[in-house]
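This report introduces one protein structure to a reader who has not met it before. Please keep the sequence and the structure in view while reading.

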Amino acid sequence: MAATGNEAQGRKAYYVSTPIYYVNDAPHLGHAYTTVAGDVLTRWHRQRGEKVWYLTGTDEHGQKIMRTADANGVSPQEWCDKLVEEAWKPLWEHLDIANDDFIRTTEDRHTARVREFVQDLYDKGEIYAGGYEGPYCVGCEEYKSYGELLDGEGEFDGQKLCPIHKKPVEMLKEDNYFFRLSEYGPRLLEHYEAHPEFIQPESARNEVVQFVRQGLEDLSISRSTFDWGVKVPWDEKHVIYVWIDALLNYATAVGYGSDQERFDQTFPADVHLVGKDILRFHAVIWPAMLMANGLPLPGKIAANGWLMVGGEKMSKSNLTGISPQQLTEHFGVDAYRWYFLRAIAFGQDGSFSWEDFTARYTSELANDYGNLASRVAAMVGKYFGGQLPESRHHGPDEQPLVDALHTTVERADELVGEQLDFSGGILAIFDFVKKVNLYLTEQEPWKVAKDSSEDAQSRLATILYTAAESLRACAVLLNPVMPESSQKLWDSLGAEAHLGPLADQPLAAAGRWGQLPAGATVTKGAVLFPRLEEPKS
């Protein structure tokens, strides 16, 4: 399960990316959901002992950015700079996102390599001149087929609407350059068949397979009616289509065309995390581009569902966007990170509810987990002066917990690390927390403490050691999900002085019983998950 330090250095990095997010506005819960998922996944693999690379960033070209900037009276570059530095990067820092790189598509390290990639395709005959006429959604930055458009009503009566943004599409007619995407349908279908794990979940895979089987059309890869983008190298009257530009960030950020050794040690991505509304770009266009240029394909395209409010996808354009800071101010950052991955199965749509968040926080975080940590620290302090006692009577009452921990580590590692089933993995860990609570309820250490006999005190020591050692394992397992509270628990158990930094604890070792040594100083620190105050109206 885990790699040694030398093994990790010699292997390709476990490479995970989020989409690069469009900076026409500040980030909302939907953006944060995907980014936290990627952070938990990469922290999990780091704690396996693997070499990891986690990439996120911003998509800064295209007509939508240009129009937004113009509406705000600034240049597109000024608009992007402001949003990135004042909204996007600060939020990721606030949410404890441990990304290794943040790429912006306006950076020279990206734009120069995009021109090289597209020039290579042109030189190979994969791109040709042509013309396009048809519907285009600026919000999606995507050409639409007539069959997928909605009929407008009310103020949009008589117009055709984008099915995602519910706003009128624009009719485009312009001279463009085209990529021979239609020729790659059979190769894509062959790859999907040979690698059924390539697109997840299965519902997303079925959708893409059906789409490709219907036949692909060649893709317009340039625009000529505006100039905010990367110039087409052989014809600078055109800019490269924003999606071609954006997809290439996954290569340019890890050394494509500039650092071959780094590129070989990182590319391709093991997992691209994407929203299901941009699945086709990543599962059809992106692999076809790579095939055309002779580059390896990613391991997995994992499409998460939509966060819903009132039955609508959460987005700024639908006016359902919610600021993550509104929730972290009330619940805390760790609870925020935990809740969305615990409450919503990754890959499925899910609804956010303030009431559901409150109920889960109170029941699982505060009562089950936080209260367990507080009770154990308090009893070690009260009965043993804050020094963790030695377990002398480990027996049939304790062994089920030891066995359960071993099973929990294996199951959580498979679910989170391999299947991207964050909800299932977190649930497995919290099922173990419930078992520890049940153990204390059944063993009643507060009653055993009243008996001053040597046997009773020895039994009390075993009960409290068992509970504390269980919490040690929980701190390791939950560290990728809730790093701040896990560190607090680690400190409370006095673990760092004996076992080293929490981040260095391998997941494989979490299930090895007996790591926390007798004599460790246990302190009752701040409550991990305090009682919620009434939200400010």
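In which helix do Glu 364 and Arg 360 both lie, and how many residues apart are they? Both lie in helix H14 (residues 354-384), and they are four residues apart, about one turn of the helix.

## Basis of the description

This is a predicted model, in which local features need pLDDT of at least 70 and side-chain atom pairs count only at pLDDT 80 or more, while totals for chains, interfaces and linings use all residues. Residues are numbered from 1 along each chain as its sequence is written, and side-chain values use heavy atoms, with hydrogens and water left out.

## Overall build

The protein chain contains 21 helices and 17 strands, where helices (H or I, at least four residues) and strands (E, at least two) are DSSP runs numbered from the N terminus. Along its principal axes the C-alpha trace spans about 90 × 55 × 40 Å. For 537 residues a compact globule would have a radius of gyration near 24 Å, and the 26 Å of the protein chain agrees with this; the radius is taken over C-alpha atoms, and the globule rule is 2.2 Å times the number of residues to the power 0.38.

Of the 537 residues, 56% count as buried, a word that here means under 20% relative accessible area, with exposed meaning over 50% and partly exposed in between (1.4 Å probe, protein chains only). Among the contacts in the protein chain with a separation of 6 or more, 76% come from residues 24 or more positions apart, a contact being heavy atoms within 4.5 Å.

## The six-stranded sheet

One open sheet has six strands in the order E3-E2-E1-E13-E14-E9, with parallel pairing; two strands pair if DSSP finds at least two bridges between them. Strand E3 (101-104) and strand E9 (199-200) stand at the edges with a single partner strand each, so one side of each is left without a neighbour in the sheet. At the E9 edge, two bridges join E9 to strand E14 (residues 301-304), and these strands run parallel; Gln 200 stands opposite Ala 302 in E14.

Helix H2 lies across strand E1 (14-22), E2, strand E13 (271-275) and E14, running at about 165 degrees to E1. Such axes are lines fitted to C-alpha atoms, for helices over the stretch in contact, and the angles run from 0 to 180 degrees between N-to-C directions. Within strand E2 lies Thr 56, which is buried with a relative accessible area of 0%. Leaving aside residues up to four places away in sequence, Thr 56 touches Thr 18, Pro 19, Ile 20, Tyr 21, Trp 92, Asn 99, Asp 101, Phe 102 and Ile 103. By contrast, the C-alpha atoms of Thr 56 and Ala 520 are separated by 40 Å, with their positions 464 residues apart along the chain.

## Salt bridges

The structure holds 28 salt bridges, each being a side-chain nitrogen of Lys or Arg within 4 Å of a carboxyl oxygen of Asp or Glu. In one of them, the closest N and O atoms of Asp 413 and Arg 48 are 3.0 Å apart. This pair links distant parts of the chain, since Asp 413 belongs to helix H15 (residues 399-418) and Arg 48 to the loop between helix H2 (29-47) and strand E2 (52-59), 365 residues apart. Asp 413 and Arg 48 are both buried.

The Glu 364 and Arg 360 side chains also meet in a salt bridge, at 3.8 Å from N to O, and Glu 364 counts as buried at 10% relative accessibility. A further salt bridge joins Lys 488 to Glu 484, with 3.8 Å between the closest N and O atoms. Lys 488 and Glu 484 are separated by about one helical turn because they are four residues apart in helix H19 (residues 483-492). Lys 488 is partly exposed at 37% relative accessibility, and Glu 484 is partly exposed with a relative accessible area of 41%. Elsewhere, salt bridges that share partners join Arg 48, Glu 50, Asp 413 and Glu 418 into one network.

## Helix H19 and its surroundings

The buried residues of H19 are Pro 483, Ser 485, Ser 486, Leu 489, Trp 490 and Ser 492. What covers these buried residues includes H2, helix H13 (333-343), H14, helix H18 (454-478) and helix H20 (496-499). Just after H19, Gly 494 takes a positive phi of about 70 degrees.

## Cysteines

A disulfide is a covalent bond between the sulfur atoms of two cysteines. When a disulfide is taken as a pair of cysteine sulfur atoms within 2.5 Å, the count comes to zero. Cys 80 is buried with a relative accessible area of 0%, and Cys 474 counts as buried at 2% relative accessibility.
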